[in-house]
Amino acid sequence: MTEMDIDNDKPGDREPEGDAELIKLRQERDDLYQRLARSTADFKNSQKRLEQDKEQALQFANAKLVTALLPVIDNLERAIAVDPAKTDSAAVLKGMQIVQDQFTKLLQQQDIEVLAPKAGEAFDPTRHTALMQQENDQYKEHSVIQTLQKGYIMHGRTLRPASVIVSKKKEG
């Protein structure tokens, strides 16, 4: 046979293949199809399971933090329940200081840093919010004069910028 003869062969012109070989090929095809169908179903089930796990992780992501906050809340409730007529202000202040220390310790355990810029520190717009500008000769221009509200950073990301007053040069 020449190449011309091969190209001109039609499916009906060829000799029929053996029935046993055809049956074997069909069985192999069916087996591969079933394996593909099982693999596809397993993949879809894995996707659903991963999505459910992700939703559950998001739902309970703050459980550890909330559990750590509960003793602090308990102490605040105890402080509120104290009869002011039977307690002096120094004791109440001391109790509030203990609760604040608990909060600070809890923040540190959660890798949260307090951002309280000192006077004279350069203003950083990624970590500070300028609420006011005041003329001031004591500090360089665009320096923090005073911190009005502390900021907080978690894992390098600013959760809340510190609110500050920034210096500016005197006009004239």
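Me: Which strands make up the open sheet with antiparallel pairing, and in what order do they stand?

Reply: Strands of a sheet pair through backbone hydrogen bonds, either parallel or antiparallel. In this predicted model, three strands form an open sheet in the order E1-E4-E5, and the pairing is antiparallel. Strands (E, at least two residues) are DSSP runs, numbered from the N terminus, and two of them pair if DSSP finds at least two bridges between them. Strand E1 (112–115) and strand E5 (157–160) stand at the edges with a single partner strand each, so one side of each is left without a neighbour in the sheet. On average, neighbouring strands of this sheet are turned by 35 degrees against each other, direction ignored; the axes are lines fitted to C-alpha atoms.

Me: How many bridges join E1 and strand E4?

Reply: E1 and strand E4 (residues 151–154) are paired over four bridges in the antiparallel sense. Glutamate 113, for instance, stands opposite isoleucine 153 in E4.

Me: What must I know about numbering and reliability before reading further?

Reply: Residues are numbered from 1 along each chain as its sequence is written. In this predicted model, local features need pLDDT of at least 70, side-chain atom pairs count only at pLDDT 80 or more, totals for chains, interfaces and linings use all residues, and side-chain values use heavy atoms, with hydrogens and water left out.

Me: What is the strand order in the sheet with mixed pairing?

Reply: That open sheet has three strands in the order E2-E6-E3. E2 and E3 stand at its edges, each with a single partner strand, so one side of each lacks a neighbour in the sheet. From one strand to the next, the twist averages 25 degrees. E2 and E6 pair in the parallel sense over seven bridges, and glutamate 135 has lysine 168 in E6 as its bridge partner. E3 and strand E6 (residues 162–168) run antiparallel, joined by four bridges; valine 144 stands opposite valine 166 in E6.

Me: Is E6 mostly covered or uncovered?

Reply: Buried means under 20% relative accessible area, exposed over 50%, and partly exposed in between (1.4 Å probe, protein chains only). E6 is mostly covered, with six of its seven residues buried.

Me: Where is asparagine 136 placed, and why does it count as buried?

Reply: Asparagine 136 lies in the loop between strand E2 (128–135) and strand E3 (144–149). Asparagine 136 counts as buried because its relative accessibility is 16%. Its side chain reaches the backbone nitrogen of tyrosine 139 at 3.2 Å. Not counting residues up to four places away in sequence, asparagine 136 touches Ile145, Ser167 and Lys168, where contact means heavy atoms within 4.5 Å.

How values were computed: A polar contact is a pair of N or O atoms within 3.5 Å; within protein, one must be able to donate a hydrogen and the other to accept it, and residues adjacent in sequence count only if both atoms are side-chain atoms. Axes are lines fitted to C-alpha atoms, for helices over the stretch in contact, and angles run from 0 to 180 degrees between N-to-C directions.
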